[in-house]
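Trainee: I should like to go through this structure with you, one question at a time. May we begin with the pairing of its strands?

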Number of protein chains: 2
Amino acid sequence: MALIVQKYGGTSVGSVERIHRVADRVKRWTDQGHRVVVVLSAMSGETDRLIGLAKQIQERPEPRELDVLLSTGEQVTIALLSMALAAKGCPARSYTGGQVHILTDSAHNKARIRDIDAARVRADLDAGRVVVIAGFQGIDEHGDITTLGRGGSDTSAVAIAAALTADECQIYTDVDGVYTTDPRVEPKARKLDRITFEEMLEMASLGSKVLQIRSVEFAGKYRVPLRVLSSFDEGEGTLITFEEDIVEDAKISGIAFSRDEAKLTVLGVPDQPGVAHRILGPIADANIEVDMIIQNIADQAATTDFTFTVHRNDYARALEILQGMAQALGARQVLGDARIVKISLVGVGMRSHAGIASQMFASLAGEGINIRMISTSEIKISVVVDEKYLELGVRTLHEAFGLDRDPTL
Amino acid sequence: MALIVQKYGGTSVGSVERIHRVADRVKRWTDQGHRVVVVLSAMSGETDRLIGLAKQIQERPEPRELDVLLSTGEQVTIALLSMALAAKGCPARSYTGGQVHILTDSAHNKARIRDIDAARVRADLDAGRVVVIAGFQGIDEHGDITTLGRGGSDTSAVAIAAALTADECQIYTDVDGVYTTDPRVEPKARKLDRITFEEMLEMASLGSKVLQIRSVEFAGKYRVPLRVLSSFDEGEGTLITFEEDIVEDAKISGIAFSRDEAKLTVLGVPDQPGVAHRILGPIADANIEVDMIIQNIADQAATTDFTFTVHRNDYARALEILQGMAQALGARQVLGDARIVKISLVGVGMRSHAGIASQMFASLAGEGINIRMISTSEIKISVVVDEKYLELGVRTLHEAFGLDRDPTL
């Protein structure tokens with residue numbers, strides 16, 4: 001008799017037939033005596049269709065009005081699922097974000113949840129109903145409609161699970177769990193039964209698209225047990241849990257990678273205090289996010305080389321900014337490379353195991369893969385390599401760290 | 001410096017280009033210093049699309065959930081129009097029915113407006129903004145979304161105009177006003193500059209589809225000056241006003257007609273108290289609305305003939321009910337005819353002019369049109385004739401009462 005929050009993404013509710021399948025799945029849970037709250041995204045493609053419509057009207061749509069527009073997408077799916085549930089003899093009620101007072105700040109198109117009034121939801125659950133809530137949306141203190149940004153429905157689900165102190169928050173998607181790496185790159189990739197929140201955060205931030213990163217942070221903060229599973233198959237999925245729960249002692253849980261990287265280097269800048277700020281300040285002012293940053297020690301000429309990475313979409317603009325200020329910085333040259341990728345080993349086990357980094361570098365060297373940049377955190381080691389080595393690098397590391405073998409065997 | 005409520009129907013906001021045209025029109029009013037509240041319908045076809053989707057899920061969709069679904073249609077158009085206005089330098093804000101507290105009863109799919117909180121609207125108007133409100137929808141006292149039924153946006157506009165004590169409520173549609181009769185039947189039909197509320201009510205209830213009848217009742221009750229005009233052309237449209245304002249002394253304002261009629265006759269029932277109730281009770285129990293009712297005086301055999309009309313869609317069911325109880329009633333025979341139409345003369349001038357009815361009957365007789373039933377009210381005379389005489393009858397009366405001539409000349 002658990003209280004479960006289930007979130008279904010756009011592809012899971014992308015057609016009438018799929019909505020019926022979601023209703024069947026929800027009903028199986030209620031038939032077993034569980035209380036279920038469902039959080040839905042818009043039908044796949046609908047949000048893009050609405051954005052397209054808005055851009056035909058106004059090149060940069062008013063953020064407040066865009067939220068009024070986009071929030072209709074989930075309002076359609078919650079109504080349809082509630083009908084499908086009712087048709088199967090499973091009483092249900094739909095609510096928009098505003099109706100269950102998902103209070104957010106007023107940052108339209110990227111609002112953050114502040115509070116949820118769970119009383120109305122609880123009243124319906126107590127009356128034996130399934131509650132179907134529109135994800136991705138809320139209202140601010142003025143009663144204006146807000147949206148949480150792409151993938152925000154995951155965050156809605158976690159926030160609702162936290163507010164209800166649900167037993168589990170289940171994120172149904174089109175993959176059946178979190179994998180050791182992307183199976184399209186490494187066919188031997190293995191589904192993980194469990195992963196820690198910290199690992200999931202690193203995996204998500206490194207481009208594993210299974211969960212929106214903010215929802216993982218939220219779940220970690222409020223200690224909501226989170227499970228990723230497929231809405232098309234049966235199966236236990238992957239439980240995202242707290243470190244102390246993990247019994248396996250795998251050093252590495254997975255390999256994440258990101259193709260959308262570009263790096264920029266300013267060569268021979270005088271090594272003076274404040275140089276990093278003078279280089280990165282204008283980049284930040286242009287709203288370009290910087291990921292890895294490396295500064296070499298000064299050479300005999302008292303100059304240094306400064307390298308950082310940005311999203312590939314921002315590469316041209318960042319290069320232009322650096323070239324425009326190279327002379328003022330006294331730099332010798334500005335170099336750039338948009339054909340690089342980042343590969344990262346992720347694992348909480350890394351903390352207590354020395355030698356992971358050297359094993360990683362040795363494996364890559366063994367295949368002739370030159371490492372361009374290195375960056376590390378508590379539970380992650382990232383390397384930047386040439387784009388052409390992405391698949392080879394991932395497969396090499398997957399095998400070197402034994403990720404294709406089930407650690408419980 | 002007037003306060004104007006403008007309502008645009010589905011065809012007026014049916015495309016991006018048309019939404020821009022509506023924005024242009026609204027801006028012309030604000031540029032002249034007027035304060036404008038806009039009430040919108042969903043894009044034409046959208047409500048039917050959503051109903052179709054719902055019916056694919058559930059044969060008879062849950063009324064509460066259908067309202068959650070349908071209300072998205074107007075939410076899309078209010079956001080898009082607000083963007084279009086902003087793009088033209090005309091600040092605007094959109095609101096759903098719930099956001100401006102259009103409080104209704106809980107009769108989902110056909111709710112009635114009880115109250116409107118105009119404070120938020122006034123605050124925006126005072127700040128120099130256009131306020132764009134979703135028509136057709138409201139919320140009930142539980143915060144559930146409701147809709148007002150087909151054509152409900154007209155009622156929303158009138159209710160908002162009443163709550164704001166607006167100077168005028170303008171209903172923009174795809175016709176340029178109210179005509180003496182349907183121009184598709186009588187090409188000489190003439191647009192009226194003014195018509196009284198009572199006449200408009202009769203015209204609307206008799207099948208002139210320009211305005212939803214409930215909105216006319218509402219406007220009459222709260223004395224909201226209502227104007228019907230085209231969103232595609234310029235022009236003054238038709239002002240629907242109060243009788244004392246009318247200066248023209250035309251006896252007849254227009255000719256309405258309805259094609260969807262059918263009549264049923266119970267012949268030779270014993271003329272006893274309660275017979276009308278025994279006949280019409282089961283009809284009412286089957287939710288069939290009865291329009292005209294005629295009972296002849298008893299003949300020498302102390303039996304009477306009882307005739308009434310129903311909507312043509314209900315004809316087969318009504319006939320079945322009557323046939324099932326003919327024996328119990330002691331009736332000689334049950335007759336029916338689904339190929340009849342109703343033609344009505346409407347005009348407040350009728351009250352003070354004798355002889356209208358006889359002039360009407362004489363004109364029809366002159367063309368060999370046999371009258372099957374007659375019914376009268378204070379400002380209306382209706383006749384039922386064979387379907388084949390509809391066009392001839394309308395044109396004959398249009399000419400006989402000089403409706404093609406401008407009475408102000």
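Trainee: In β15(B), which residue is the bridge partner of I293(B)?

Mentor: The model is predicted. In it, β14(B) and strand β15 (residues 303-311) of chain B run antiparallel and are joined by 4 bridges. Within β15(B), I293(B) has as its bridge partner F308(B).

Trainee: Which strands of chain B are the edge strands of the open sheet?

Mentor: The sheet is open and antiparallel, its 6 strands following the order β14-β15-β13-β16-β18-β17 in chain B. Neighbouring strands are turned against each other by 30 degrees on average, direction ignored. The strands that pair on one side only are β14 (290-295) and β17 (373-377) of chain B.

Trainee: At about what angle does helix α12 of chain B run to β13(B)?

Mentor: Two helices of chain B may be considered here. Helix α9 (residues 275-285) lies across β13 (254-270), β14 and β15, running at about 25 degrees to β15(B). Helix α12 (residues 390-400) lies across β13, β16 (333-346) and β18 (380-386), and its angle to β13(B) is about 120 degrees.

Trainee: How many residues of strand β11 of chain B are buried?

Mentor: In a regular strand, side chains alternate between the two faces of the sheet. Both faces of β11(B) are covered, with L226(B), V228(B) and S230(B) buried on one side and R227(B) and L229(B) buried on the other. For strand β11 (residues 226-230), the buried count is therefore 5 of 5, with buried meaning under 20% relative accessible area.

Trainee: In which sense, parallel or antiparallel, does β11(B) pair with β12 of chain B?

Mentor: Strand β9 (residues 168-173) of chain B pairs with β11(B) in the parallel sense over 5 bridges, and T173(B) has S230(B) as its bridge partner. With strand β12 (residues 238-241) of chain B, β11(B) forms 3 bridges, and R227(B) is partnered there by L239(B). The sense of the pairing between β11(B) and β12 is antiparallel.

Trainee: Which residue of chain B comes closest to the rotation axis?

Mentor: Chain B is superposed on chain A by a rotation of 180 degrees with 0.0 Å of shift along the axis, at an RMSD of 0.2 Å. That is the relation of a two-fold axis. Both copies use the same surface, as 100% of the contact residues of chain B recur in chain A. At 2.6 Å (C-alpha), the residue of chain B closest to the axis is T72(B).

Trainee: What distance separates the centres of the two domains of chain A?

Mentor: The domain assignment gives domain 1 (3-174) and domain 2 (255-400) in chain A. Taken over C-alpha atoms, their centres are separated by 39 Å.

Conventions:
Residues numbered from 1 in each chain as written. Chains lettered and ligands numbered in written order. Predicted model: local features only at pLDDT ≥ 70, side-chain atom pairs only at ≥ 80, totals over all residues. Heavy atoms only, no water. Pairing = 2+ DSSP bridges. Axes fitted to C-alpha atoms, helices over the stretch in contact; angles between N-to-C directions. Contact = heavy atoms within 4.5 Å. Domains from an automatic or database assignment. Buried < 20%, exposed > 50% of the residue type's maximum accessible area, 1.4 Å probe, protein only. Least-squares fit on C-alpha atoms with pLDDT ≥ 70 in both.
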